[in-house]
Amino acid sequence: MEMWSRRARRETCTQIYLTTFDKALNIAGLLHPLMGSRWGFREGGNFGASHRTMGLQIARGREAKPPLRSVRTKRDSRPRLQEATEAAAAAAPAKKSALRFPVNPQTKSFYKRFFPGTSTAEWNDWRWQMRARIRTLDDLARIFHLCDDEYQAVKKHTGSLPVGITPYYASLMDLKDAREPLRRTHIMTGDEYLRGPGEADDPLAEDHDTAAPGIVHRYPDRVLFLTTGTCSTYCRYCTRARVVGNPGGEYQFSTRQWEQALTYLEQHTEVRDVLLSGGDPLTLGDEKLDWLLGRLRAIKHLEFLRIGTKVPVVLPQRITKSLVNILAKHHPLWMSIHFTHPSELTPEVSEATARLADAGIPLGSQTVLLKGINDDIAVIMPLMQGLLKRRVRPYYLYQCDPIRGSAHFRTTVEKGLEIIQGLRGHTTGYATPIFAVDAPGGGGKVQIAPDFIVGRDGNDLLLRNFEGAVYRYPDPGGTLGSGKSNRLAAE
Ligand code: SF4
């Protein structure tokens with residue numbers, strides 16, 4: 001009995017306390033419009049909704065027990081982004097762990113020259129790299145010898161897909177030669193203002209297949225989730241040129257839009273995996289990314305997640321130990337990394353991919369075939385082999401999508417087949433990506449491979465190997481190759 005009466009007294013005290021506290025907060029609520037954000041109240045916020053939560057937190061802090069069920073506010077048990085962010089900030093170690101990242105010699109001399117006074121710690125801080133991005137004509141002209149074509153093209157640019165280059169990535173570019181491959185992919189030229197045949201702002205009809213904010217649902221069991229409009233660098237051939245780096249400030253994520261996207265995913269049980277893209281999801285801060293991945297992993301029918309990113313290549317410093325720890329919490333998690341050229345394979349990138357691979361994240365690459373940049377087996381071979389050395393499995397080689405103003409980057413489809421043929425058999429199959437054309441109008445990816453079937457001779461299928469020699473394969477009952485008329489089949 002004594003135990004029950006003590007409990008009753010405590011509950012009564014709690015109720016009195018809460019009632020008193022609620023009254024105080026209600027008075028504060030009335031004063032809120034007068035106090036404004038100077039006193040820590042968010043402008044336009046739902047004060048009435050939040051003060052009850054504040055009351056509970058304070059009561060819990062003083063009382064070992066939660067308040068009675070009757071006064072406990074019913075709420076959605078899923079974590080809200082702001083709470084997750086605050087909790088992560090509270091839990092963060094007071095002292096930042098030292099960032100140990102290699103700096104290759106070429107990059108070091110670049111930053112000593114163009115960013116004097118910058119410490120290595122700053123240079124290796126991904127947020128510093130984001131802030132110091134080369135974004136204006138003046139920034140470019142300070143560092144590069146711009147040719148007239150580049151100068152005029154940048155000068156007249158307005159709208160989305162602005163110039164944006166991390167200082168690190170700029171350090172890999174040739175400062176004088178406008179034809180240098182990495183530079184061509186990031187500094188616009190006059191060709192960007194030409195419209196080639198079949199080009200469109202949204203050639204893959206992603207807007208048409210958008211089922212919820214940011215959710216492109218085209219294939220039966222998977223979706224693309226555009227999480228942000230921000231990238232660390234802006235590629236001049238970007239398929240999402242229409243949405244990334246929009247003027248008036250890069251598109252800021254909106255929790256409301258994410259919530260709508262999450263609701264869609266919760267309702268669509270046929271979706272087995274989500275590819276987070278953008279923009280670049282790794283430009284999101286750790287807490288936001290952790291929160292989003294956590295919410296996605298909480299959806300039972302989602303079997304795994306994928307992240308599509310260029311950050312490990314253009315901003316490898318972003319692959320911090322804390323990011324890697326966050327990513328590793330949300331396994332199974334895969335990553336597709338956008339590589340273009342072997343000159344990207346620096347010690348910094350090796351460190352970034354090693355950290356990701358060590359965290360158990362399967363890494364694949366995506367490369368866009370670009371005229372005069374990487375449309376040569378002498379460029380693609382070392383890139384693919386270099387990726388394998390860095391534990392990145394070449395995954396896709398894409399034909400450049402017909403976005404507006406990209407004709408100068410586009411090769412023929414035969415060129416892609418020629419490159420795959422140059423890899424197939426000449427190096428390990430692990431180094432041979434899938435060559436794909438994304439069918440305009442929303443047809444999805446179509447894989448294209450060199451044809452190694454020469455024809456058929458009775459029960460024998462005639463196959464050509466990587467050296468061009470023809471071999472017979474016994475295939476009784478088969479018909480494959482019978483439609484081909486060729487000299488060898490007739491012999
Ligand atoms: S990183 Fe990706 S999304 Fe961003 S500009 Fe380059 S291709 Fe487009």
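**Loops, one sheet and the core**

Me: Between which two elements is the loop that holds Ala205 found?
Reply: This is a predicted model. Ala205 has a positive phi of about 55 degrees although it is not a glycine. The loop with Ala205 is found between helix H10 (181-186) and strand S1 (210-212).

Me: Does Ala205 count as buried or exposed?
Reply: The cut-off for a buried residue is under 20% relative accessible area. Ala205 has 13% relative accessibility, so Ala205 counts as buried.

Me: What does Arg391 count as at its relative accessibility?
Reply: Arg391 lies in the loop between helix H16 (377-389) and strand S8 (392-399). Phi of Arg391 is near 65 degrees, again a positive value in a residue other than glycine. Most residues other than glycine have a negative phi. With the partly exposed class lying between 20% and 50%, the 44% relative accessibility of Arg391 makes it partly exposed.

Me: Which residue does a cis peptide bond join to Gly278?
Reply: Most peptide bonds are trans. At the bond in question, omega is about 15 degrees. The partner has its place in the loop between strand S4 (273-277) and helix H12 (286-297). The residue joined to Gly278 by the cis bond is Gly279.

Me: What is omega at the cis peptide bond that joins His331 and Pro332?
Reply: Pro332 is found in the loop between helix H14 (321-328) and strand S6 (333-338). The bond from His331 to Pro332 is cis, with omega at about 0 degrees.

Me: At what distance does the side chain of Thr227 reach the backbone oxygen of Ser277?
Reply: Thr227 is found in the loop between strand S3 (222-226) and helix H11 (255-267). Its relative accessible area is 0%, so Thr227 is buried. The side chain of Thr227 reaches the backbone oxygen of Ser277 at 2.8 Å.

Me: With the side chain of which residue does the side chain of Thr427 make a polar contact?
Reply: Thr427 is found in the loop between helix H17 (413-423) and strand S9 (434-439), and at 15% relative accessibility Thr427 counts as buried. Not counting residues up to four places away in sequence, Thr427 touches Met381 and Gln385. The polar contact of the Thr427 side chain, at 2.9 Å, is with the side chain of Gln385.

Me: Which strands are the edge strands of the open sheet with the order S11-S12-S13?
Reply: This open sheet has three strands with antiparallel pairing. An edge strand pairs on one side only, which holds for S11 (453-457) and S13 (470-474).

Me: In S12, what is the bridge partner of Ile453?
Reply: Strand S12 covers residues 460-464 and runs antiparallel to S11. Four bridges join these two strands. In S12, Ile453 has as its bridge partner Leu463.

Me: Which residues have the most contacts inside the largest nonpolar core?
Reply: In the protein, buried residues make up 48% of the 491 residues. The largest nonpolar core has 87 residues. Leaving aside neighbours within four places in sequence, the contacts of one of the residues asked for include Leu289, Ile307 and Met335. The residues with the most contacts inside the core are Leu265 and Leu327.

How values were computed. Residues are numbered from 1 along each chain as its sequence is written. This is a predicted model: local features need pLDDT of at least 70, side-chain atom pairs count only at pLDDT 80 or more; totals for chains, interfaces and linings use all residues. Side-chain values use heavy atoms; hydrogens and water are left out. Two strands pair if DSSP finds at least two bridges between them. A nonpolar core is a set of buried Ala, Val, Leu, Ile, Met, Phe, Trp, Tyr and Cys residues joined through side-chain atoms within 4.5 Å. Buried means under 20% relative accessible area, exposed over 50%, partly exposed in between (1.4 Å probe, protein chains only). Contact means heavy atoms within 4.5 Å. A polar contact is a pair of N or O atoms within 3.5 Å; within protein, one must be able to donate a hydrogen and the other to accept it, and residues adjacent in sequence count only if both atoms are side-chain atoms.
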